[in-house]
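This report looks at one strand hairpin and at a set of charged side-chain contacts. The sequence and the structure come first.

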Amino acid sequence: MKIKKERKRKYISHSALFSYQEASDKIIIYAIKTGDSYSDRITKMDVELSALLNLPLEEKIDRPAVCEYHYFLKRPKRLNVISNTLAEVNESLNINLGYGVIYEPVKTPHILIAGGTGSGKSIFISYLLLEFLKQNSSVYIIDPKNSDLGSLSHYIGEERVATTANNIARVVRLAVTEMKERYDYMNKNFKYGSNFSDHGYKPIWVIFDEMGAFQASGTDKQSKAVVGEVMDGIKQIILLGRQAGVFILIAAQQMRSEILSTDLRDNLGLRISLGSNSAEGYRMVFGSATPETIPPIEVKGSGLLYMQGSGKESAQYWESPFVDMQNFDFITELKKYC
Ligand SMILES: Nc1ncnc2c1ncn2[C@@H]1O[C@H](COP(=O)(O)OP(=O)(O)O)[C@@H](O)[C@H]1O
Ligand SMILES: [Mg+2]
């Protein structure tokens with residue numbers, strides 16, 4: 001008697017459901033959560049999908065019923081900084097940061113830059129400094145370690161550059177006084193819905209490098225009082241500076257909450273972490289805007305960037321403007337504007 005061999009059958013009992021939509025500059029993959037065992041896994045596929053499409057992730061938005069992966073169809077272009085023979089003028093209030101990012105200080109005031117040694121902080125700050133000057137901004141520089149930026153006093157002016165605690169306090173006082181004078185003037189000449197530029201004012205930028213090192217210098221009663229006074233001034237600028245056009249750029253190797261409270265940090269509109277950082281390090285810069293999966297950060301001068309009001313839920317990969325040190329002399333450029 002012949003026994004009929006039973007054929008094996010395969011059933012699909014679970015499946016993951018995806019759909020997609022293509023826009024001019026990006027493709028969005030929707031991973032639809034159906035409540036089965038895949039629902040969790042399909043929210044963690046940033047890297048796999050990126051490899052499949054060979055495209056960089058722009059952002060991921062995890063909604064209750066669907067997880068959206070946005071991939072750039074074209075990799076955004078890194079800005080290449082080149083030297084122009086003549087001084088440039090930027091009449092707008094915006095600054096091009098490259099890689100598809102335009103920064104508008106009036107909308108999202110103040111900048112935070114965190115990154116370890118060699119991550120590209122100094123180069124990026126130098127780039128920004130030139131951009132501020134192209135807008136005719138006045139600039140104050142605070143460099144408690146008296147390194148790269150401190151040496152710019154010859155060009156920017158002794159009274160605008162501070163490296164010692166007492167000088168730092170003086171510079172911050174100057175900036176706060178200017179801010180208050182602007183407020184007084186603008187109140188007396190009130191124009192509804194106006195800001196500093198409607199009153200003919202140019203931006204004022206306070207560049208504060210190595211804020212962590214400055215705070216560590218408060219060791220005895222007297223120096224602690226100076227640190228306290230400076231931080232009080234910084235706080236006023238962070239909270240009140242926007243309308244008057246007084247902006248601050250804070251750079252630190254690590255952004256611990258002892259350096260700047262998370263409340264104040266959240267008032268810094270543009271936040272950047274350069275180089276790769278620890279999970280805790282990212283959280284200290286971005287707070288709730290820390291991305292779940294961190295893309296590989298290998299290129300010199302690259303990192304993550306978060307800009308408030310940009311519509312993005314979390315920090316995204318970004319490459320700072322590329323400066324070819326062989327062909328770009330920062331001091332030569334600076335002299336065109338000072
Ligand atoms: N945007 C950039 N363009 C070109 N090279 C960069 C850039 N950012 C960083 N680098 C390279 O990394 C080195 C360290 O950068 P730097 O700005 O001095 O770091 P940090 O101030 O964070 O210690 C630079 O000397 C340069 O070789
Ligand atoms: Mg540096």
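Strands here are DSSP runs of E with at least two residues, numbered from the N terminus, and two strands pair if DSSP finds at least two bridges between them. The model described is a predicted one.

**The hairpin**

Strand β6 covers residues 95-98 and strand β7 covers residues 101-103. The two run antiparallel and are joined by three bridges. Ile95 stands opposite Tyr103 in β7. Two residues lie between the strands of this hairpin, and Tyr99 takes a positive phi near 55°.

**Salt bridges**

How many salt bridges does a search of the whole structure find? The search finds 16. Among them are the pairs in the table, each given with the distance between N and O atoms.

| Pair | N to O distance |
|---|---|
| Arg63 and Glu68 | 2.9 Å |
| Lys107 and Glu104 | 3.6 Å |
| Arg256 and Glu258 | 2.9 Å |

The partners can also be described by their exposure. In the first row, Glu68 is buried, at a relative accessible area of 9%, while Arg63 is partly exposed at 36%. In the second row, Lys107 is exposed, with a relative accessible area of 58%, and Glu104 is partly exposed at 26%. For the last row, Arg256 is partly exposed at 33% relative accessibility, whereas Glu258 has a relative accessible area of 55% and is therefore exposed, the cut-off being over 50%. Elsewhere, Lys26, Glu58 and Lys312 are joined into one network by salt bridges that share partners.

Definitions and conventions
Residues numbered from 1 in each chain as written. Chains lettered and ligands numbered in written order. Predicted model: local features only at pLDDT ≥ 70, side-chain atom pairs only at ≥ 80, totals over all residues. Heavy atoms only, no water. Helix = DSSP H or I, 4+ residues; strand = E, 2+ residues; numbered from the N terminus. Salt bridge = Lys/Arg side-chain N within 4 Å of Asp/Glu carboxyl O. Buried < 20%, exposed > 50% of the residue type's maximum accessible area, 1.4 Å probe, protein only.
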